[in-house]
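The following exercises concern the arrangement of domains within one protein chain. Please work through each task before reading its solution.

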Amino acid sequence: MISPETAELRILDAAETLFYGRGLQAVGMDEIRSASGVSLKRLYQLFPSKGELIQAYLRRRDIRWRQRLAAYADAQDTPEERILAVFDWLHEWFGEPDFRGCAFSNSFGELGATSSPVAETARAHKEAFFGYLAELTAAAGKPASLSGHLALLAEGAITTAAITGSAEPAHAAKEAARVLLAAA
């Protein structure tokens, strides 16, 4: 018998792979059960509804995504290098074999109109990301308005990379960010 903690991790790992890869609505709880190797009874003990599992998946993905980004960018020496490193990190992420765009934009597109929790979680993720860019911009001594421009560059790169299947939008966005930084 596996521990509840192990079962939860296995369920969330399976949910992340399936939800991100195929979409929230396309994946049923039985598929999560099969992929996780956890009994349906245990699955529903830990996550009484698919909606609760979706929320847990999105919360965990938000934390992991933002931590990976910050670890990469914060390793740079100067505030401006940290800003540009955001786009380098995006390029690496876009090149991952399972890249399918922003999980939060995708989730909002699927369920945002009918699920307040999904809409709120997607908004909170975007606000946290934009807040991180605002912190980087402030540390670089640049105008606060620049962070919004950088956020739009990043979001546009994410969407374009997902649709085109190319990591190159990150490089184009980085060059535009470089121009904005120089002009600010």
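**Exercise 1.** What distance separates the centres of domain 1 and domain 2, taken over C-alpha atoms?

*Solution.* The model is a predicted one. Begin with the bounds: the domain assignment places domain 1 at residues 1-48 and domain 2 at residues 60-183. Next, take the centre of each domain over its C-alpha atoms; the two centres lie 28 Å apart.

**Exercise 2.** Determine how much area is buried between the two domains, and which residues of domain 1 lose the most.

*Solution.* First, consider the contacts: 11 residues of domain 1 touch 12 residues of domain 2. Second, consider the area: about 1,000 Å² is buried between the domains, and carbon and sulfur atoms contribute 44% of this value. Third, consider the residues: on the side of domain 1, the greatest losses to domain 2 belong to Glu16, Tyr20 and Leu24, which together account for 66% of what that side buries.

**Exercise 3.** Describe the polar and charged pairings between domain 1 and domain 2.

*Solution.* Start with the salt bridges, of which four cross the interface. Then examine the pair Arg61 and Glu16: the closest N and O atoms are 2.7 Å apart, and this lies within the 4 Å limit, so the pair counts as a salt bridge. Now count the polar contacts: 10 residue pairs, both members at pLDDT 80 or more, are in polar contact between the domains. Finally, classify the side of domain 1 that touches domain 2: five residues are nonpolar, three are polar and three are charged.

Terms used. Residues numbered from 1 in each chain as written. Predicted model: local features only at pLDDT ≥ 70, side-chain atom pairs only at ≥ 80, totals over all residues. Heavy atoms only, no water. Domains from an automatic or database assignment. Contact = heavy atoms within 4.5 Å. Buried area = accessible area lost by both parts, 1.4 Å probe. Salt bridge = Lys/Arg side-chain N within 4 Å of Asp/Glu carboxyl O. Polar contact = N/O pair within 3.5 Å; in protein donor to acceptor, adjacent residues only side chain to side chain. Nonpolar A, V, L, I, M, F, W, Y, C, P; charged D, E, K, R; others polar.
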